[in-house]
Amino acid sequence: QVQLVESGGGLVQAGASLRLSCAASGRTFGSLLMGWFRQAPGKERAFVSAISRSGRSTGYAESVKGRFTISRDTDKNTLYLEMNSLKPEDTAVYYCAADYKPYWSSNYYTEEAREYDYWGQGTQVTVSS
């Protein structure tokens with residue numbers, strides 16, 4: 001089992017920055033694919049960003065490219081999402097996700113929510129205009 005705990009959400013004004021963190025436990029961090037998803041009110045959960053086990057491959061939704069940066073720190077067993085130039089449309093609950101794939105390519109990542117077996121409880125990000 002993998003436990004994921006997000007933190008770092010909050011209420012900010014448009015144009016501000018936030019950094020989300022996701023602390024992982026239960027499995028060797030390097031064996032986990034990791035990703036961020038978000039769900040706005042009345043909408044389905046949507047892909048935001050993902051990172052491979054090695055950290056060398058990353059992917060982003062078009063709506064956040066150039067503004068968000070995903071990273072992982074193996075020493076701290078923590079996933080991060082640096083969010084800059086925030087917009088009101090970024091308002092959502094942000095979820096950290098993980099999938100245990102120790103035997104897959106270390107550069108593989110996925111944007112598909114159905115491939116992730118473990119999810120955090122979510123952290124609210126609200127961006128006011």
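**Salt-bridge network**

I started with the charged side chains and found Arg-38, Arg-67 and Asp-90 linked in a network of salt bridges. This is a predicted model, so I read every distance below as a value from the model. On one side of the network, Arg-38 and Asp-90 meet at 2.9 Å, N to O. I looked up where these two sit: Arg-38 is in strand S4, Asp-90 is in the loop between S8 and S9, and 52 residues separate them. On the other side, Asp-90 meets Arg-67 at 2.7 Å, N to O. Arg-67 belongs to the loop between strand S6 (58-60) and S7, 23 residues from Asp-90.

Buried or exposed, for Arg-38 and Asp-90? I checked, and both come out buried. Arg-67 is buried as well, like its partner Asp-90.

I then searched the whole structure and got five salt bridges. One of them I noted outside the network: Glu-62 with Lys-65, at 2.8 Å, N to O. Glu-62 has a relative accessible area of 62%, over the 50% cut-off, so I put it down as exposed. Lys-65 is at 45% and counts as partly exposed.

**Disulfide**

How many disulfides does the structure hold? I found one. It joins Cys-22 to Cys-96, with an S to S distance of 2.0 Å. I read -75° about the S-S bond, which is left-handed. The link ties distant parts of the chain together: Cys-22 is in strand S3 (residues 18-25) and Cys-96 in strand S9, 74 residues apart. Both Cys-22 and Cys-96 are buried.

**Nonpolar core**

Next I went for the largest nonpolar core, which has 34 residues. I wanted the members that touch the most others, and they are Leu-4, Met-34, Trp-36, Leu-81, Met-83 and Tyr-94. Two or more core residues come from each of S3, S4, strand S5 (46-51), strand S7 (68-73), strand S8 (78-83), S9 and strand S11 (123-128). Which element gives the largest share? S9 does, with five residues. As a general reminder to myself, nonpolar side chains in soluble globular proteins tend to be buried together.

I picked Leu-81 for a contact list, skipping residues up to four places away in sequence. Its contacts include Leu-18, Leu-20, Trp-36, Val-48, Phe-68, Ile-70 and Tyr-94. Arg-19, Ser-49 and Thr-69 are also on the list for Leu-81.

**Aromatic pairs**

My ring search over the whole structure gave five aromatic pairs. For Phe-37 and Tyr-116, the centres are 5.4 Å apart and the planes are at 75°, so I logged the pair as edge-to-face. Here too the chain positions are distant: Phe-37 is in strand S4 (residues 32-39), Tyr-116 in the loop between S9 and S10, 79 residues apart. Phe-37 is buried at 1% relative accessible area, and Tyr-116 is buried at 4%.

The pair Trp-104 and Tyr-108 has its centres 5.0 Å apart. Why is this pair tilted? The planes are at 50°, and tilted covers what is neither under 30 degrees nor over 60. Both rings are partly exposed, Trp-104 with a relative accessible area of 43% and Tyr-108 with 24%.

I also followed ring pairs from residue to residue, and they link Phe-37, Phe-47, Tyr-116 and Trp-119 into a cluster. Trp-119 has a charge to deal with too: Arg-45 lies over its face, 4.6 Å from the ring centre.

**Lys-101**

My last entry is Lys-101, because its charged end sits over the ring of Trp-104, 4.8 Å from the centre, within the 6 Å limit. Lys-101 is in the loop between strand S9 (92-100) and strand S10 (118-119). What is the relative accessibility of Lys-101? I get 11%, so this lysine counts as buried, whereas Trp-104 under its charged end is partly exposed.

Beyond four places in sequence, I list Ser-31, Leu-33, Arg-53, Tyr-108 and Glu-115 as contacts of Lys-101. Tyr-108 is thus in contact with Lys-101 and is also the ring partner of Trp-104.

Definitions and conventions: Residues numbered from 1 in each chain as written. Predicted model: local features only at pLDDT ≥ 70, side-chain atom pairs only at ≥ 80, totals over all residues. Heavy atoms only, no water. Helix = DSSP H or I, 4+ residues; strand = E, 2+ residues; numbered from the N terminus. Buried < 20%, exposed > 50% of the residue type's maximum accessible area, 1.4 Å probe, protein only. Contact = heavy atoms within 4.5 Å. Phe/Tyr/Trp six-rings, centres within 6.5 Å; stacked < 30°, edge-to-face > 60°. Lys NZ or Arg CZ within 6 Å of the ring centre and 35° of its normal. Disulfide = S-S within 2.5 Å. Core = buried A, V, L, I, M, F, W, Y, C linked by side-chain atoms within 4.5 Å. Salt bridge = Lys/Arg side-chain N within 4 Å of Asp/Glu carboxyl O.
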